[in-house]
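Please walk me through this structure in plain terms. I would like to know how the chain is built and what a few chosen residues are doing in it.

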Amino acid sequence: MSAEFPKIAAAIALPQVGALVNTYLILPEVRGWYQRLVCKLFLPMDFAFPPAWSALHAGAGYASYLVWKDGGGFSGSAKGPLILYGTQLTLNWAWTLIFFKLRSFKWSFVESLAAVVATGATGFAFSKVNKLAGYLVDVNGTAALPFQVSKSQ
């Protein structure tokens, strides 16, 4: 087994853990309130979420490993991009709670715009350290959901 495997696994696991915690916290809302939203045509089917977000999170996690490895960790050129990545993860995790728990369409929309900016900045910063990593950072399309829901209620 390669000495790098635990580092890769930890990098991939980090965004998954946050997503799992959020899933646990919002499950009642997903099974109830979210199912009754008026804009049913716009909402992705429930079965699509786990594999899609797991793949996106795994890609972003692996990208963070590539940047950490190629950029010399937190003491090298990877420090800034990894801080941006941490910001992006935090914003992505916060959106879930703002949208589902607080049911605040306005603030989840505003927050998701910040997450989109953070994702773009992370992708750009990652690409300066490792080209592939810049492409692997997940694209955040959550900005449209609270906007669409608020218009249809």
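A residue counts as buried when its relative accessible area is under 20%, and as exposed when that area is over 50%. The model discussed here is predicted.

Serine 64 serves as a starting point. The place of this residue is in helix 2, which spans residues 49-70. Serine 64 has a relative accessible area of 7%, so it is buried. Leaving out residues up to four places away in sequence, serine 64 touches Ala11, Leu82, Tyr85 and Phe126.

Serine 64 also belongs to the lining of the second largest pocket. That pocket holds about 200 Å³ of space. Together with Ser64, the lining consists of Lys7, Ala10, Ala11, Leu14, Tyr65, Trp68, Phe74, Leu82 and Tyr85. Three helices each supply at least two residues of this lining: helix 1 (5-31), helix 2 and helix 3. The largest share comes from helix 1, with 4 residues. Ala11, Leu82 and Tyr85 appear both among the contacts of serine 64 and in the pocket lining.

Now the chain as a whole. Its secondary structure comes to 6 helices and 0 strands, and the pattern along the sequence reads α-α-α-α-α-α. The protein chain has 153 residues, of which 41% count as buried. Taking contacts in the chain between residues at least 6 apart in sequence, 74% join residues at least 24 apart. The accessible surface of the chain is about 8500 Å², and carbon and sulfur atoms account for 72% of that surface.

Helix 3 covers residues 79-101 and contains both tryptophan 95 and phenylalanine 99. How many aromatic pairs does a search of the whole structure find? The search finds 7. Tryptophan 95 and phenylalanine 99 form one that is stacked, with 4.9 Å from centre to centre and 10° between the planes. A stacked pair is one with planes under 30 degrees apart, so an angle of 10° falls in that class. In sequence, tryptophan 95 and phenylalanine 99 are 4 residues apart, about one turn of the helix. Both tryptophan 95 and phenylalanine 99 are buried. Ring pairs also extend beyond these two, linking Trp95, Phe99, Phe100 and Phe105 into a cluster.

Further along the sequence, asparagine 130 lies in the loop between helix 4 (105-129) and helix 5 (131-136). Is asparagine 130 buried or exposed? Its relative accessibility is 13%, and therefore asparagine 130 counts as buried. The side chain of asparagine 130 reaches the backbone nitrogen of alanine 133 at 3.0 Å. Setting aside neighbours within four places in sequence, asparagine 130 is in contact with Leu66 and Asp70.

Lysine 131 is found in helix 5. With a relative accessible area of 59%, this lysine is exposed, whereas asparagine 130 is buried. Lysine 131 and alanine 63 are 68 residues apart in sequence, while their C-alpha atoms are 9.5 Å apart in space.

Key: Residues are numbered from 1 along each chain as its sequence is written. This is a predicted model: local features need pLDDT of at least 70, side-chain atom pairs count only at pLDDT 80 or more; totals for chains, interfaces and linings use all residues. Side-chain values use heavy atoms; hydrogens and water are left out. Rings of Phe, Tyr and Trp (its six-membered ring) pair if their centres lie within 6.5 Å; planes under 30 degrees apart count as stacked, over 60 as edge-to-face and the rest as tilted. Buried means under 20% relative accessible area, exposed over 50%, partly exposed in between (1.4 Å probe, protein chains only). Contact means heavy atoms within 4.5 Å. Accessible areas come from the Shrake-Rupley method with a 1.4 Å probe; for residues, only the protein chains shown count as cover. A polar contact is a pair of N or O atoms within 3.5 Å; within protein, one must be able to donate a hydrogen and the other to accept it, and residues adjacent in sequence count only if both atoms are side-chain atoms. On a 1 Å grid over the protein atoms alone, a cavity is a set of points where a 1.4 Å probe fits but cannot get out, and a pocket is an open set with protein on both sides within 12 Å along at least five of seven lines; lining residues have an atom within 4 Å of a point. Grid points are joined across faces, edges and corners, and a volume is the space filled by probe spheres set on the points.
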